[in-house]
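Thank you all for coming; I would like to take a few minutes to walk through one model with you. Please have the sequence and the structure open while I talk, and follow along residue by residue.

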Amino acid sequence: MEQSNILKFQEESRGEKQKRLFLLMLGGAFIGFVNGFFGAGGGMLAVPVLCFIAKLPEKLAHATAISVILPLSIVSSVVYIKNGALDLNIFPPVLIGTLIGGILGAALLIKLNNKILASIFYIAMFAAGLRLIF
(Lines give C-alpha, C1' and ligand atoms only; values in the text may rest on other atoms or scores of the structure.)
Protein backbone atom coordinates (compact mmCIF):
# COMPACT_ATOMS: atom_id res chain seq x y z
CA MET A 1 0.00 0.00 0.00
CA GLU A 2 1.31 3.44 -0.73
CA GLN A 3 2.50 5.28 2.37
CA SER A 4 -0.19 7.97 2.07
CA ASN A 5 -2.95 5.33 2.05
CA ILE A 6 -1.49 3.62 5.12
CA LEU A 7 -1.39 6.94 6.95
CA LYS A 8 -4.96 7.80 5.95
CA PHE A 9 -6.21 4.45 7.26
CA GLN A 10 -4.22 4.86 10.50
CA GLU A 11 -5.67 8.34 11.00
CA GLU A 12 -9.30 7.26 10.54
CA SER A 13 -11.49 7.00 13.60
CA ARG A 14 -12.34 3.56 14.89
CA GLY A 15 -15.86 3.91 13.49
CA GLU A 16 -14.54 4.88 10.04
CA LYS A 17 -12.15 1.90 10.04
CA GLN A 18 -14.93 -0.47 11.06
CA LYS A 19 -17.22 0.90 8.35
CA ARG A 20 -14.52 0.57 5.70
CA LEU A 21 -13.62 -2.97 6.83
CA PHE A 22 -17.30 -3.95 6.80
CA LEU A 23 -17.72 -2.55 3.28
CA LEU A 24 -14.58 -4.39 2.14
CA MET A 25 -15.88 -7.66 3.59
CA LEU A 26 -19.29 -7.11 2.01
CA GLY A 27 -17.65 -6.26 -1.32
CA GLY A 28 -15.42 -9.32 -0.94
CA ALA A 29 -18.43 -11.56 -0.34
CA PHE A 30 -20.11 -10.21 -3.47
CA ILE A 31 -16.89 -10.65 -5.48
CA GLY A 32 -16.57 -14.23 -4.23
CA PHE A 33 -20.19 -15.00 -5.09
CA VAL A 34 -19.87 -13.60 -8.61
CA ASN A 35 -16.60 -15.44 -9.24
CA GLY A 36 -17.99 -18.71 -7.92
CA PHE A 37 -21.36 -18.40 -9.62
CA PHE A 38 -20.17 -17.27 -13.05
CA GLY A 39 -16.72 -18.87 -12.93
CA ALA A 40 -15.13 -15.46 -13.59
CA GLY A 41 -15.65 -11.75 -13.20
CA GLY A 42 -14.69 -11.35 -9.57
CA GLY A 43 -11.46 -9.57 -10.43
CA MET A 44 -13.29 -7.05 -12.59
CA LEU A 45 -15.48 -6.22 -9.62
CA ALA A 46 -12.60 -6.27 -7.14
CA VAL A 47 -10.78 -3.40 -8.83
CA PRO A 48 -13.53 -0.79 -8.29
CA VAL A 49 -14.08 -2.05 -4.73
CA LEU A 50 -10.37 -1.68 -3.98
CA CYS A 51 -10.16 1.73 -5.67
CA PHE A 52 -13.28 3.30 -4.16
CA ILE A 53 -13.60 1.61 -0.77
CA ALA A 54 -9.97 0.78 0.06
CA LYS A 55 -8.79 3.97 -1.71
CA LEU A 56 -5.95 2.11 -3.44
CA PRO A 57 -4.31 3.61 -6.51
CA GLU A 58 -5.17 1.89 -9.78
CA LYS A 59 -2.06 -0.30 -10.17
CA LEU A 60 -2.16 -1.45 -6.58
CA ALA A 61 -5.88 -2.23 -6.89
CA HIS A 62 -5.29 -4.36 -10.00
CA ALA A 63 -2.39 -6.25 -8.41
CA THR A 64 -4.35 -6.77 -5.20
CA ALA A 65 -7.41 -7.96 -7.14
CA ILE A 66 -5.32 -10.63 -8.86
CA SER A 67 -3.89 -11.74 -5.52
CA VAL A 68 -7.37 -11.94 -3.99
CA ILE A 69 -8.82 -13.84 -6.94
CA LEU A 70 -6.12 -16.56 -6.89
CA PRO A 71 -7.24 -18.29 -3.66
CA LEU A 72 -10.87 -17.65 -4.58
CA SER A 73 -10.37 -19.32 -7.95
CA ILE A 74 -8.63 -22.28 -6.31
CA VAL A 75 -11.56 -22.77 -3.92
CA SER A 76 -14.09 -22.46 -6.77
CA SER A 77 -12.03 -24.90 -8.86
CA VAL A 78 -12.07 -27.49 -6.09
CA VAL A 79 -15.87 -27.22 -5.90
CA TYR A 80 -16.18 -27.54 -9.69
CA ILE A 81 -13.79 -30.52 -9.84
CA LYS A 82 -15.60 -32.22 -6.95
CA ASN A 83 -18.85 -31.90 -8.90
CA GLY A 84 -17.38 -33.09 -12.22
CA ALA A 85 -17.60 -29.67 -13.88
CA LEU A 86 -14.09 -29.57 -15.37
CA ASP A 87 -13.26 -30.53 -18.97
CA LEU A 88 -9.80 -32.10 -18.71
CA ASN A 89 -9.36 -32.00 -22.51
CA ILE A 90 -9.34 -28.22 -22.75
CA PHE A 91 -7.89 -27.40 -19.33
CA PRO A 92 -4.14 -27.78 -20.18
CA PRO A 93 -4.02 -25.58 -23.31
CA VAL A 94 -6.21 -22.91 -21.72
CA LEU A 95 -4.04 -22.99 -18.57
CA ILE A 96 -0.87 -22.52 -20.62
CA GLY A 97 -2.42 -19.63 -22.53
CA THR A 98 -3.66 -17.92 -19.39
CA LEU A 99 -0.27 -18.27 -17.71
CA ILE A 100 1.46 -16.65 -20.70
CA GLY A 101 -1.20 -13.94 -20.92
CA GLY A 102 -0.99 -13.32 -17.17
CA ILE A 103 2.78 -12.82 -17.31
CA LEU A 104 2.49 -10.44 -20.26
CA GLY A 105 -0.40 -8.53 -18.66
CA ALA A 106 1.42 -8.14 -15.33
CA ALA A 107 4.54 -6.89 -17.13
CA LEU A 108 2.45 -4.32 -19.02
CA LEU A 109 0.59 -3.27 -15.85
CA ILE A 110 3.87 -2.26 -14.24
CA LYS A 111 4.77 -0.01 -17.20
CA LEU A 112 1.44 1.86 -17.61
CA ASN A 113 0.62 4.95 -15.59
CA ASN A 114 -2.50 4.88 -13.41
CA LYS A 115 -4.59 7.19 -15.61
CA ILE A 116 -4.00 5.15 -18.79
CA LEU A 117 -4.60 1.92 -16.89
CA ALA A 118 -7.87 3.24 -15.43
CA SER A 119 -9.03 4.42 -18.86
CA ILE A 120 -8.31 1.07 -20.49
CA PHE A 121 -9.97 -0.82 -17.63
CA TYR A 122 -13.15 1.23 -17.57
CA ILE A 123 -13.47 1.23 -21.37
CA ALA A 124 -13.16 -2.57 -21.29
CA MET A 125 -15.82 -2.78 -18.56
CA PHE A 126 -18.12 -0.47 -20.52
CA ALA A 127 -17.62 -2.53 -23.68
CA ALA A 128 -18.35 -5.72 -21.75
CA GLY A 129 -21.52 -4.16 -20.36
CA LEU A 130 -22.68 -3.14 -23.83
CA ARG A 131 -21.94 -6.67 -25.08
CA LEU A 132 -24.14 -8.10 -22.34
CA ILE A 133 -26.97 -5.71 -23.16
CA PHE A 134 -26.87 -6.37 -26.90
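Before I point at anything, let me settle one word: a residue is called buried when its relative accessible area is under 20%, exposed when that value is over 50%, and partly exposed in between. Please also keep in mind throughout that what you are looking at is a predicted model.

With that word in hand, let us begin with a pair of charged residues. How many salt bridges does a search of the whole structure find? The search finds one, and the partners are E12 and R20, whose closest N and O atoms are 2.1 Å apart. Are these two partners buried or exposed? E12 has a relative accessible area of 15%, and because that is under the 20% cut-off, E12 counts as buried. R20 has a value of 14%, so by the same cut-off R20 is buried as well.

Let me now step back to the chain as a whole. The protein chain contains six helices and zero strands, so that, reading from the N terminus, the order of elements is α-α-α-α-α-α. Its C-alpha atoms fill a box of roughly 50 × 35 × 30 Å along the principal axes. Of the 134 residues in the protein chain, 22% are buried, and the accessible surface comes to about 9700 Å², with 74% of that surface belonging to carbon and sulfur atoms. If we take the contacts with a separation of 6 or more, 62% of them are between residues 24 or more positions apart.

The chain is also divided into two domains, with domain 1 covering residues 1-86 and domain 2 covering residues 87-134. The centres of domain 1 and domain 2, taken over C-alpha atoms, are separated by 17 Å, and where the domains meet, 12 residues of domain 1 are in contact with 14 residues of domain 2.

Next, please find helix α3, which spans residues 42-52. The buried residues in this helix are G42, A46, V47, P48, V49, L50 and C51. What covers the buried residues of α3? The cover includes α2 (14-38), α4 (58-82) and α6 (114-133).

One residue of α4 is worth following from here, namely H62, which has its place in that helix. H62 has a relative accessibility of 12%, and because this is under 20%, H62 counts as buried. Which residues does H62 touch, if we leave out those up to four places away in sequence? They are V47, L109, L117 and F121, and you may recall V47 as one of the buried residues of helix α3.

After H62 we move along helix α3 to the loop that follows, where K55 lies between α3 and α4. K55 has a positive phi of about 65 degrees, although it is not a glycine. With a relative accessibility of 45%, K55 counts as partly exposed, because the value lies between 20% and 50%.

Let us turn to the aromatic rings. The structure holds three aromatic pairs. In one of them, the rings of F33 and F37 have their centres 5.3 Å apart and their planes at 15 degrees, and so this pair is stacked. F33 and F37 both lie in helix α2, four residues apart, which is about one turn of the helix. F37 has a relative accessible area of 57%, and because that is over 50%, F37 is exposed.

In another pair, the rings of F121 and Y122 have their centres 5.0 Å apart, but their planes are at 80 degrees, so this pair is edge-to-face. Here F121 is buried, with a relative accessible area of 7%, while Y122 is partly exposed, with a value of 29%. Going back to helix α2 for a moment, ring pairs link F33, F37 and F38 into a cluster.

My last stop is on the surface. Which residues form a nonpolar patch there? They are I81, L86, L88, F91, L95 and L99, and together they have about 560 Å² of accessible area. The largest share of this patch, three residues, comes from helix α5, which spans residues 91-111. I81, by contrast, is found in helix α4, and at 51% relative accessibility I81 counts as exposed, because the cut-off is over 50%.

To close, let me leave you with two places to look at again in this predicted model. One is the salt bridge between E12 and R20, and the other is H62 in helix α4, with its contacts to V47, L109, L117 and F121.

Definitions and conventions
Residues numbered from 1 in each chain as written. Predicted model: local features only at pLDDT ≥ 70, side-chain atom pairs only at ≥ 80, totals over all residues. Heavy atoms only, no water. Buried < 20%, exposed > 50% of the residue type's maximum accessible area, 1.4 Å probe, protein only. Helix = DSSP H or I, 4+ residues; strand = E, 2+ residues; numbered from the N terminus. Contact = heavy atoms within 4.5 Å. Salt bridge = Lys/Arg side-chain N within 4 Å of Asp/Glu carboxyl O. Phe/Tyr/Trp six-rings, centres within 6.5 Å; stacked < 30°, edge-to-face > 60°. Patch = residues over 30% accessible without salt bridge, like charges linked within 9 Å, V, L, I, M, F, W, Y side chains within 5 Å. Areas by Shrake-Rupley, 256 points an atom, 1.4 Å probe, with all protein chains shown as cover. Domains from an automatic or database assignment.
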